[in-house]
Amino acid sequence: MTMASDSEHLTGLWFDGQKYDRSTISDEAVVQPLLPVFTQTARWLDTYFGGTDPGFTPPIRVEGSDFKTMVSSIMLSIPFGATSTYARIAAEVARRTGRRHMSAQAVGGAVGRNPIVLIVPCHRVVASDESLRGYAGGVDRKEWLLKMEGVNMSGPTTAGDGGGRRE
């Protein structure tokens, strides 16, 4: 995995080789592996990949439009071991912005370009029929992460009724 920071906040976390890998790192980036935020993130990752909820979020900064940061904020509210849907997130964005409707496809675009994987849990967002759809890290990885978190993945997971537990 690759991490990026503004020296205080985590601004990027990617599986190496994933879609949009290192999307927020500029060509002028400086390697500083001993930043406190990287130490906190490594501790978070060790706990997470140990199969338990880390119970904390390292300092993060999601850069981008108000829409993108709102979608990220909503994803952060999805608990370990639970899922939500693009449509449910779209409804929450509509509620927060006073709109009657928000496109689940627009939400999908923001979810798909999440620069801080795992910590901003885009893998916990599934289709309305609970099937697994695109994931920048790969659908197989998304399924593995959800199973590791204890989400019930009975039935097909790439189409149809994935069976993921909802929040």
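The accessible surface of the protein chain comes to about 8400 Å², with 50% of that area belonging to carbon and sulfur atoms; areas were computed by the Shrake-Rupley method with a 1.4 Å probe, and for residues only the protein chains shown count as cover. The model is a predicted one, in which local features need pLDDT of at least 70 and side-chain atom pairs count only at pLDDT 80 or more, while totals for chains, interfaces and linings use all residues. Residues are numbered from 1 along each chain as its sequence is written, and side-chain values use heavy atoms, with hydrogens and water left out.

Of the 167 residues in the protein chain, 42% are buried (buried means under 20% relative accessible area, exposed over 50%, and partly exposed in between, with a 1.4 Å probe and protein chains only). The chain holds five helices and four strands, arranged from the N terminus as β-β-α-α-β-α-α-β-α. Here helices (H or I, at least four residues) and strands (E, at least two) are DSSP runs, numbered from the N terminus. Contacts are heavy atoms within 4.5 Å; among those between residues at least 6 apart in sequence, 59% join residues at least 24 apart.

A good place to start is the N-terminal hairpin. Strands β1 (residues 2-5) and β2 (residues 10-14) run antiparallel and are joined by four bridges, where pairing requires that DSSP finds at least two bridges between two strands. Within this pair, Ala-4 has Gly-12 of β2 as its bridge partner. Ala-4 also lies on the covered face of β1 together with Thr-2, whereas Met-3 and Ser-5 make up the uncovered face. Four residues separate the two strands, and Ser-7 in the turn has a positive phi of about 90°. Ser-7 counts as partly exposed because its relative accessibility is 44%. A second positive phi in a residue other than glycine, near 70°, belongs to Glu-130, in the loop between β4 (125-126) and α5 (139-148). Glu-130, at 18% relative accessibility, is therefore counted as buried.

Next comes the interior. In soluble globular proteins, nonpolar side chains tend to be buried together. The largest nonpolar core (buried Ala, Val, Leu, Ile, Met, Phe, Trp, Tyr and Cys residues joined through side-chain atoms within 4.5 Å) has 34 residues, and those with the most contacts inside it are Val-71, Met-75, Ile-89, Val-107, Val-111 and Leu-118. Two or more residues each come from β2, α1 (36-49), α2, α3, α4 and α5. Apart from this core lies another, of five residues, including Val-126, Leu-132, Leu-146 and Val-151.

Helix α2 (residues 66-76) has Met-70, Val-71, Ser-72, Ile-74 and Met-75 as its buried residues, and these pack against α3, α4 (104-112) and β4. Leaving out residues up to four places away in sequence, Val-71 touches Ile-89, Val-93, Val-107, Ala-110 and Val-111.

Tyr-86 belongs to helix α3 (residues 86-97) and is counted as buried because its relative accessibility is 13%. Its C-alpha atom is separated by 6.2 Å from that of Gly-108, 22 residues apart along the chain. Beyond its neighbours within four places in sequence, Tyr-86 is in contact with several residues, among them Ala-104, Val-107, Val-125 and Lys-142.

On the outside, Trp-144 of helix α5 counts as partly exposed because its relative accessibility is 48%.
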